[in-house]
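Thank you for asking me to look through this model with you. My comments are set out below as numbered points, so that you can go through them one at a time with the structure open.

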Amino acid sequence: MSNEYLGLILLGALLAGIFVGFPIAFTLIILSVVFGYIGFGDTVFYLMVFQTIGLMKEETLAAVPLFIFMGHVLEQAGLMERLFKSFQLILAPVRGSLYLGVLLTATLFATATGIIGASVTVMGLMAAPAMIKAGYDPKMSAGAITAGGTLGILIPPSVMLVVMGPVVGVSIIKLFAAAIIPGLILAGLYIGYCMVRSHLDPKLGPPLPRDQWATSVGQVVWEFAAGIVPMATIMFASLGSIIFGLATPTEAAAMGAAGAVLLTLFYGRLSFRAIREAALKTLETSSLVLFLAVASNVYGAVFTRLGTSTMMAETMLALPISPDAMLLLLMALIFVLGWPLEWPAIVFIFLPIFMPVVEGLKIDLVWFCTLVAVNLQTAFLSPPVAMAAYYLKAVAPKWELGQIYRGMAAFMVLQMFGLAIVFFFPQTALWLPTVLFGKT
Amino acid sequence: MLRRASHVLLDARDAVVISCGAQSAQAGARRGRGTPALREEGRLAEANVRAVSRALDRFAEWCGLLFCWMIVPLVCAMVYEVIARYAFHAATIWSYDVSYMLYGAHFMLGAAYTLLRGGHIRTDVFYMNWSARTKGVVDASLYLFFFFPGIALFFWMGLQEGLHSLDIWEVSDASPWRPMIWPLKMCIPVSAALLLVQGVSEFLKSAYAAVKGEAL
């Protein structure tokens with residue numbers, strides 16, 4: 001049996017191992033070693049260490065723990081609640097104000113967190129009680145929270161884009177620039193949907209009672225200046241310094257983290273406990289992402305060396321279908337994979353398998369990555385295996401899981417619409433990188 | 001079949017634990033075939049398994065509390081670099097190396113803590129619907145056949161590479177600063193060893209669940 005087919009068996013064994021439910025990283029390591037040894041002998045042992053060291057020396061990935069730390073510091077210090085309270089007070093008289101508050105908070109916060117779970121949980125904790133009290137529609141509320149929370153994964157700085165860069169071989173800065181407009185389009189779609197529906201049917205999202213309104217214009221201005229502006233400044237400074245090339249993503253992430261600590265101090269919420277909790281959560285989150293990256297790196301090297309990826313790419317490229325159809329097929333595959341698998345597994349394991357095909361079709365890589373990112377974001381909202389739903393159910397037990405699902409489904413349709421926009425108008429992703437860095 | 005296997009393993013491990021423990025003489029004296037004595041012995045074994053698992057968990061927790069602080073010098077180094085570059089027009093020679101070394105050590109050394117916290121990504125489409133016992137059987141056997149061999153190999157190869165690097169006092173070629181690289185390489189065997197240690201605790205937990213049908 002030739003090595004290419006051995007690689008196919010490896011892929012099959014991996015899929016079986018994944019669905020049994022053992023931590024994917026460990027399954028990857030043992031399977032790669034066993035199949036690699038059968039395929040090309042004890043070179044595989046050296047390959048394993050070599051690939052690990054290689055990943056540990058990948059300086060751009062140092063941005064991963066830093067961005068995660070930034071998000072956790074802001075979260076630990078309760079700054080998301082602060083932001084939400086400000087929006088709530090300012091928007092109180094508007095129909096659907098809490099939807100708007102949730103989505104604006106989420107969009108702004110998406111520029112601080114790069115991981116989905118964190119923000120859905122926190123958003124649920126702070127917004128769900130307010131929404132229940134104000135008599136908001138449970139379905140739409142759950143949809144707004146989950147959809148808003150998942151924006152964190154798309155709107156840069158996003159950890160997913162940071163790790164996608166080295167995997168695909170595209171500059172992270174370009175990916176960031178490309179994801180901004182699609183992210184804002186999605187946020188815009190959500191906001192538009194909630195606003196129009198609450199306007200047509202105020203029962204879905206009534207304005208808040210009079211006693212929760214701001215008492216004076218001064219209070220509104222103060223809330224805006226003290227509650228929203230400082231957060232926004234730090235987040236945009238961090239993102240802006242990357243986009244305009246003032247700092248590498250790693251440096252900007254560190255500046256963002258330092259800014260987050262300063263902001264916490266500014267709001268009088270800085271404590272040893274908060275920082276330690278944030279540091280501990282950061283260790284866990286970055287280790288789960290990056291250790292999987294190490295394992296996938298070993299796996300990828302074995303898979304490539306067995307020649308299977310070349311074979312698969314050639315087979316797929318030989319299919320008598322147009323490049324657009326092939327791209328659609330890949331997107332469908334990623335969407336289906338996004339159901340049971342979490343994004344790191346898809347980005348580290350499956351994306352490298354698809355890359356030769358994408359390169360063979362001469363598809364713009366930046367555009368492709370943006371499509372993948374939007375696509376994966378959609379997968380977070382696709383019931384019945386949607387992480388966002390579980391996160392929300394855990395913190396808002398009053399809502400039925402069924403209600404949460406139905407609410408998410410509506411937003412998923414919006415996301416599909418957003419994905420279609422990016423697909424049919426590549427300019428939405430490519431315009432900003434082209435303006436900033438010339439031809440991609 | 002698997003359940004039986006893990007039961008045997010659990011017993012074997014208990015025997016080791018008991019013989020090491022302070023109560024070994026007592027346990028030996030009670031090793032009769034009578035039902036109450038057997039039950040008593042079972043309870044004792046259970047307590048020992050729990051104690052070992054808890055102790056290992058505490059160790060991993062402690063490692064997590066220690067290693068999580070590496071993020072702070074990482075932030076400080078990068079911030080200093082940016083300030084030095086823009087305010088003093090003097091970029092540092094060391095920041096590049098420091099950044100990847102701290103990052104590389106941080107997530108590798110944190111892997112065992114993440115294992116304790118159940119953080120390593122698993123696909124729970126089917127897993128979540130299984131009983132505690134089925135989960136235990138699956139986990140215990142996969143720890144045995146997947147986790148320990150793979151990570152032990154990882155440890156061994158990492159150690160070889162790390163020792164070699166130490167032996168020749170290898171330095172980094174990533175920047176003109178050329179710091180020594182062996183501490184970073186040594187993080188691989190250390191992380192693997194920590195993973196193995198925490199793996200024992202996870203194995204005990206899943207073997208217990210496989211036998212008893214409930215969490216330890």
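The points below take up chain B, its contact with chain A, and then some single residues and one helix.

1. Before anything else, please keep in mind that this is a predicted model, and that every value in this note is computed from it.

2. A good place to begin is the fold of chain B, which has eight helices and zero strands. Read along the sequence, the pattern of chain B is therefore written α-α-α-α-α-α-α-α, and you may like to trace these helices in turn before going on to the contact with chain A.

3. How much of chain B is buried? Of its 216 residues, 47% count as buried, while the accessible surface of the chain comes to about 10,500 Å², with 64% of that belonging to carbon and sulfur atoms. Among the contacts in chain B with a separation of 6 or more, 73% are made by residues 24 or more positions apart.

4. Turning to the interface, the contact takes 61 residues from chain B and 58 residues from chain A. The size of an interface is often given as the accessible area lost when the parts come together; between chain B and chain A the buried area is about 5,500 Å², and carbon and sulfur atoms give 80% of it. On the side of chain B, the residues B:Y103, B:I121 and B:T123 supply 14% of the area that this chain buries against chain A, which is more than any other three residues.

5. Which polar and charged interactions cross the interface of chain B and chain A? The rule finds two salt bridges there, and one of them joins the side chains of A:E284 and B:R117, with a distance of 3.1 Å from N to O. There are also eleven residue pairs in polar contact across the interface, counting pairs in which both residues are at pLDDT 80 or more.

6. The elements that give two or more residues to the side of chain B that touches chain A are α3, α4, α5, α6, α7 and α8 of chain B. The largest share, 15 residues, comes from α7(B). Sorted by class, this side of chain B has 42 nonpolar, eleven polar and eight charged residues.

7. Is B:Y208, which lies in helix α8 of chain B, buried or exposed? B:Y208 counts as buried because its relative accessible area is 2%, which is under the 20% cut-off. Leaving aside neighbours within four places in sequence, B:Y208 is in contact with B:E46, B:R50, B:G213, B:E214, B:A215 and B:L216. The C-alpha atoms of B:Y208 and B:R133 are separated by 8.7 Å, although these residues are 75 residues apart along the chain.

8. In chain A, a residue to compare by eye is A:T105, found in helix α6 of that chain. A:T105 is buried, with a relative accessible area of 0%. Not counting residues up to four places away in sequence, A:T105 touches A:M80, A:L83, A:F84, A:F87 and A:M126.

9. Finally, please look at helix α20 of chain A, residues 427-437, in which A:T428, A:A429, A:L430, A:L432 and A:P433 are buried. The buried residues of α20(A) pack against α10, α17 and α19 of chain A, and the helix is followed by A:G438, whose phi is positive, near 80 degrees.

Technical notes
Residues are numbered from 1 along each chain as its sequence is written. Chains are lettered from A and ligands numbered from 1 in the order in which they are written. This is a predicted model: local features need pLDDT of at least 70, side-chain atom pairs count only at pLDDT 80 or more; totals for chains, interfaces and linings use all residues. Side-chain values use heavy atoms; hydrogens and water are left out. Contact means heavy atoms within 4.5 Å. Buried area is the accessible area (1.4 Å probe) that two parts lose on being put together, summed over both. A salt bridge is a side-chain nitrogen of Lys or Arg within 4 Å of a carboxyl oxygen of Asp or Glu. A polar contact is a pair of N or O atoms within 3.5 Å; within protein, one must be able to donate a hydrogen and the other to accept it, and residues adjacent in sequence count only if both atoms are side-chain atoms. Helices (H or I, at least four residues) and strands (E, at least two) are DSSP runs, numbered from the N terminus. Ala, Val, Leu, Ile, Met, Phe, Trp, Tyr, Cys and Pro count as nonpolar, Asp, Glu, Lys and Arg as charged, and the others, Gly among them, as polar. Buried means under 20% relative accessible area, exposed over 50%, partly exposed in between (1.4 Å probe, protein chains only). Accessible areas come from the Shrake-Rupley method with a 1.4 Å probe; for residues, only the protein chains shown count as cover.
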